[in-house]
Structure formats: C-alpha cells, structure tokens
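Visitor: I would like to take a close look at a single part of this protein, and then to follow the connections outward from there. Please go slowly and keep to what the model itself shows.

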Amino acid sequence: MKNIQKIIALSKPLCALTWLLSLLVLVMSILQQAQPFFIKFIVDNIQLQLTNQQGNFKTVAYLMLGLLVVNLVSSILNSLSMRFGDYINSRLRRYLTEEFYSHVFTLPQKYFDSEISGKILNQLVRGIQSIQDFMGMFTNFVLPAIFQSIFTVGILFYYSGPIGLLALLIFPAYIYMSHYSTKKWGVEEMKKNRLEDITRGRISEVIGNIRLVRGFMAQAPEWKLVSKTLAKVNQIYDRQSTTYHLINFFREFSLELVLILISLITFNQTFKGQLSLGEMVLILQLINLLRRPLFAMSFILERIQAAESGSKEYFTIMDLKEEEKLNLLALPKSKLISRPSLHFDQVSFRYDTTGNEVLKKISFKIPSGQTVALVGHSGAGKSTIINLILKFYQPASGRIYLNERSYNHLSHQFVRSHISLVFQDNELFSTTIRENVSYGMGKTSDQQIISALKKANAYDFVMDLPGKLDAQIGERGVKLSGGQKQRIQISRAIMRNSPILILDEATSSLDSKSESAIQSALEYLMKNKLTIIIAHRFSTIQSADQILVIDQGKLVGCGTPAELAKQPGVYSELLRYQISGNEKLLAKYDLH
Ligand code: ADP
C-alpha cells in the first residue's frame, strides 16, 4: 500500500476534481438504484388489478414516465461524468509525465550511466497507465460500491432478516477471496514487469544500434534473446492466469450458490404470502444489483494491486535523490562571467564509491582565454576531467573553481551556461539542421544560423541538402557524413558563443582537406575563449598554450608543446609514435 499512498499524495492537485467526479458517479448510482422501486410499484399495481380490479393504469403510466425521467437524468450524468473523466485523465497523464520528466533531468549522471533509456521509458508508460487506471477506478467505483452495498443490504434486511443476513455474509467471503487472488497475482506481476522492462530496453537499444546489429549479423541472437525472455513472461502469465481463474471460479460459484439460496428463500416467503409479488420482484432485482458492488470491490482490489506493482518503478525513480535543480529559464548573459578561468585543486574522483580512483589529486590552472590540450593514453582520465568541468559528477575530494569561485557554491546551470561543447560522438538530434544548430538557444534568426554554418565551413553542404536548413538529418545525424556531423556540432558551438569551449576529439573524423578548413573555423571560434581540447592527433594541438599530460589519473606533465616534446615522458612518447607511424606510411609509397 506504500505506492497507493504515494499515488494519493501525488494526485493532490487533482484531488478536488476527483472528488467532484466521484460524487457525480455516486448520484448516478443512486438513480440506478431507484429503478427497481418503479418496477416494484408497477408490479404491485398490476397485481392489485388482477386480484381485485383496484389497479390504476394511469399510475402505471406515471411510474413509467418517472422511470423515463430517471433514466434520462442518469444518461445525462453518465455522459457528463465520462467527459469529466476524460478531462481528469488527460490532466493526470500530463501532470505525471511532467513530474517524471522534470525529475529525470535532476538525477545524477551516475543513474544514466547504468540505466537503459528504453527501460526507463517503459517504466514511465506503465507507471502512468496503472496510476491512471487506479484513479479511474477510484472515481467510478469506490463511492458507488460503498453506497450500493449499504443500500441493497439495508433494503433486503427491511424486507427479510435471513435474506439480509445472507447478503451481508457474502461480502467478507467474496472480498477475502478477491484479496487473496489479487495478492498472488501482484507477486507474479512484478516478476513479469521486470522481464518486460529488460526486453523493451533491449529492443530500444537494438533499434538505436541497428547498424551495429546488422553489421555483426546479430539479428538472430537478438531476436532469440527477446523471444526467450517473452517465453518466460508467458510462463509467468500462464501461472498467474491459472491461479486467478481457479480462485475466480470458486469465488463466482460460491456467490451463485448464495444468490440461489436467497432467491429460494424469497420464493418461499412469497409462496407463503409473507412477501407481495412486487416485493419479490424488488428483491430479485436487488439480488441482481448486489453483483455490482461485489464485482466493483474485487475490481477495486485488482486495480489497487495493479497500481501497487505497476507504479513501483515509477516511484522508485521519483524517489531517487535529486542532484541538480531544473531551471526552465535561461540565465541572462549579464549574470555570466565574461572571461572565466578554471582551477582544479587536488581533485580526486571515482565513478563508483567502491571503484578505482580514476583521477588522483589533479591540480592545474587555466587562465581565461588560454587553449589547453589534454593528452594521454586512452583511459587515462581525460574525458573524466571534462565530465567534472561540466559538473556531471562531483569530485570525491579537492575543489574545482570557476574564476576562483568554488563549484560547490555554483549551480549546475551557472557552470554549464559558460560552456560550449563539441563531442567526440556526434551528439545530434533527429530533427532539422536549423534545430540542431540553434539547439538550446531559444529563438534564433536564419541569418544567425547561416552565419554560424558559414564560419564552421558547413554552409555549402547544407545548401546542397534537400530542404536546406529544414533538412532532416536522421537519428544522431545518420544522413550526414562524419565530417558533416562535426561541422554541424561546431556551428552549434559557434551559435552558443560561450566563453569556455570544450572540444573532444573535434577533428578526429575529418578528412585532411576538411580538417584544415575546420581548423581555421575552430581557430576563429577559440579566439578569446578558454578552450580545452582532447585530441589524439598532435598536429591539431600544436598551437595550444599549455598541454596537460594525464597518465593513469595523474597529471604527469605540463608545458608548451615545444617544451614537452623535448622532455622524456608520455607526451614525447606519443608524439614519436605518431611521427614514426606517418614516416612508415610515407616510406610505403613512392611519393614525389
Ligand atoms: P580517456 O578520456 O582518457 O580515454 P576516461 O576519462 O574516459 O579516459 O576514463 C578513465 C577511466 O574511467 C577508465 O578506466 C574508464 O573505464 C573509467 N570510466 C569512464 N567513464 C566511466 C563511467 N561512466 N562509469 C564508470 N567508469 C568509467
């Protein structure tokens, strides 16, 4: 019931509307309950006419008119409540999704490192559906079920004690059996949900990496993996269904048995003249109506159980501790530092509290406007330094300063508002060139976009695309070449024009011709900016003011490219590899 309490707490903004709808449905069910009485009085009147000619057809006609009015009002209320229900449902869906989405933005990066996006999405969809179903059940069933039970049992008691008592006894037995069956169902449901999350997560990953899957001919194992998990899901479902229907059979059978017994007592009492024909018809109708609150109660229990298991992961995610604030408004430029500097002071870091130290007491200063290159073997910790500069993670010890203001006192938004990025992987959205270039910028003019494209040497190829600025580039820019994707990323960074620029292997997937064109664009972009470059190709970092050499999480060297080249160490070693690699290449060909 923990999750149910959370659902109720979460739905508070819609609480008043929910109660209003519940009351509407209650009035409707009261009207429905009045119908048997009209029939009772009509039958009584006919019986009076048949036995001693004292009936009055006018009364019968009036009663029928009354019945028509009740049915009409009931239909109007029904349409109103349905419309109102749709209104609440759509608001609830929006509210739950917005709450979830805004919370996801505040979660630590660590969470995204270990979760699959398809799985998160599946948990969101299921959570929202089960909460929505629960709320629908609450508004449509809870109040009417309570009212119908009390009303029907009360009337049955009024006409006959034994009948009323039997009707009353059905409730605890029926509810106990429903509770037992839904509890068993819920345990299996959680196992099923877990497997379904894994499957959907995998399918979404496979679709995202379809080139890799096809390239490695992995369709068959991928298909089999999903099929095998779904077979397990079906096994669980079979068990669930067998248990449910078995218990349901006993539940329904015992209900029918008691209802037949009540009917028998009713006929017997009518036979003996203790009940009138009209009263007998009334009781038979009420017995029939008794099924409604009983079914409603078992349905309520089922929905509670479904909401409990279906919303589990939704609330697990909602309960995760926020690490950063979500700000829907951008920081005004006037609040930003125009010429920032960066300072790492004895920074150590590990991704996992139990894992290895990835950075070990790293200290360096980058004055404003300087270009610094991070160099080191793969896995040395270069990207980790960038991750810390972006405040994706917190250092385990030590401090990072932006203009001598500690990161500990600066918001994530403030830090990142100073930074533009060009990623190693081509991080683009499956939308138009225009939206990708102006990403995160709000309203921008075509002139600004075109100017950025020109500076990044991307204008010509964009103009050749069908649709030009409105050309769709496919998921992660799949319709563009590697070099083109990077030039779009560079245009995006130029648009943003932040005082700190981070280039993660920005020129690695460009051919030599575009590389030189890009290099001049980057030099323009880097002017007067604090720039940090991770580049394996040393030709691209020769103009850096400072090179920081990282080895196994430690800063092992620092200096200008010329200084470091002269010293023994990782930098000169890597430089030599590259030069000798190129020499070997040159030696293979007889160039003139
Ligand atoms: P580089 O950029 O120099 O190639 P990284 O900073 O990416 O190196 O990685 C440094 C170390 O941190 C590596 O051992 C890598 O396996 C580990 N690492 C990188 N990212 C993560 C992560 N998200 N979670 C756990 N370990 C990571």
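Visitor: Which strands does helix 11 lie across, and at about what angle does helix 11 run to strand 8?

Guide: Please keep in mind throughout that this is a predicted model. Helix 11, which spans residues 382-389, lies across strand 3 (371-375), strand 6, strand 7, strand 8 and strand 9 (546-551), and its direction makes an angle of about 150° with that of strand 8. These strands belong to an open sheet of six, arranged in the order 6-7-8-3-9-10 and with mixed pairing. The edges of the sheet are taken by strand 6 (419-422) and strand 10 (554-559), and because each of these has a single partner strand, one side of each is left without a neighbour in the sheet. On average, and with direction ignored, neighbouring strands of this sheet are turned by 20° against each other.

Within the sheet, strand 7 (residues 500-504) and strand 8 (residues 530-534) run parallel and are joined by five bridges. In this pairing, I502 stands opposite I532 of strand 8. A further helix, helix 16 (residues 482-496), lies across strand 6 and strand 7, and runs at about 170° to strand 6. Strand 6 and strand 7 are thus among the strands that helix 11 lies across, and helix 16 lies across both of them as well.

From the sheet we can turn to the charged pairs. Side chains of opposite charge can pair when their charged atoms come close. The structure holds 18 salt bridges, and among them is the one in which the side chains of E313 and R126 meet, at 2.8 Å from N to O. This pair links distant parts of the chain, since E313 sits in helix 10 (residues 312-319) and R126 in helix 5 (residues 117-159), 187 residues apart. E313 has a relative accessible area of 12% and is therefore buried, and R126, with a relative accessible area of 14%, is buried too. The two also take part in a network of salt bridges that links R126, D197 and E313.

A second salt bridge is formed by E324 and R416, whose closest N and O atoms are 2.8 Å apart. Here again distant parts of the chain are linked: E324 lies in the loop between helix 10 and strand 1 (342-349), R416 lies in helix 12 (residues 412-416), and 92 residues separate them. E324 counts as buried because its relative accessibility is 12%, whereas R416, at a relative accessible area of 21%, is partly exposed.

In a third salt bridge, D446 is paired with R434, and the closest N and O atoms are 2.3 Å apart. D446 belongs to helix 14 (residues 446-455) and R434 to helix 13 (residues 433-437), with their positions 12 residues apart in the chain. D446 is partly exposed, with a relative accessible area of 35%, and R434 is likewise partly exposed, with a relative accessible area of 23%.

Finally, there is a nonpolar patch on the surface, of about 500 Å², made by Y62, L65, L68, V69 and V73. One of these residues, L65, lies in helix 3 (residues 57-106), and its relative accessible area of 48% makes L65 partly exposed.

Methods: Residues are numbered from 1 along each chain as its sequence is written. This is a predicted model: local features need pLDDT of at least 70, side-chain atom pairs count only at pLDDT 80 or more; totals for chains, interfaces and linings use all residues. Side-chain values use heavy atoms; hydrogens and water are left out. Two strands pair if DSSP finds at least two bridges between them. Helices (H or I, at least four residues) and strands (E, at least two) are DSSP runs, numbered from the N terminus. Axes are lines fitted to C-alpha atoms, for helices over the stretch in contact, and angles run from 0 to 180 degrees between N-to-C directions. Contact means heavy atoms within 4.5 Å. A salt bridge is a side-chain nitrogen of Lys or Arg within 4 Å of a carboxyl oxygen of Asp or Glu. Buried means under 20% relative accessible area, exposed over 50%, partly exposed in between (1.4 Å probe, protein chains only). Patches are made of residues with over 30% relative accessible area and no salt bridge: like charges are joined within 9 Å, nonpolar side chains (Val, Leu, Ile, Met, Phe, Trp, Tyr) within 5 Å. Accessible areas come from the Shrake-Rupley method with a 1.4 Å probe; for residues, only the protein chains shown count as cover.
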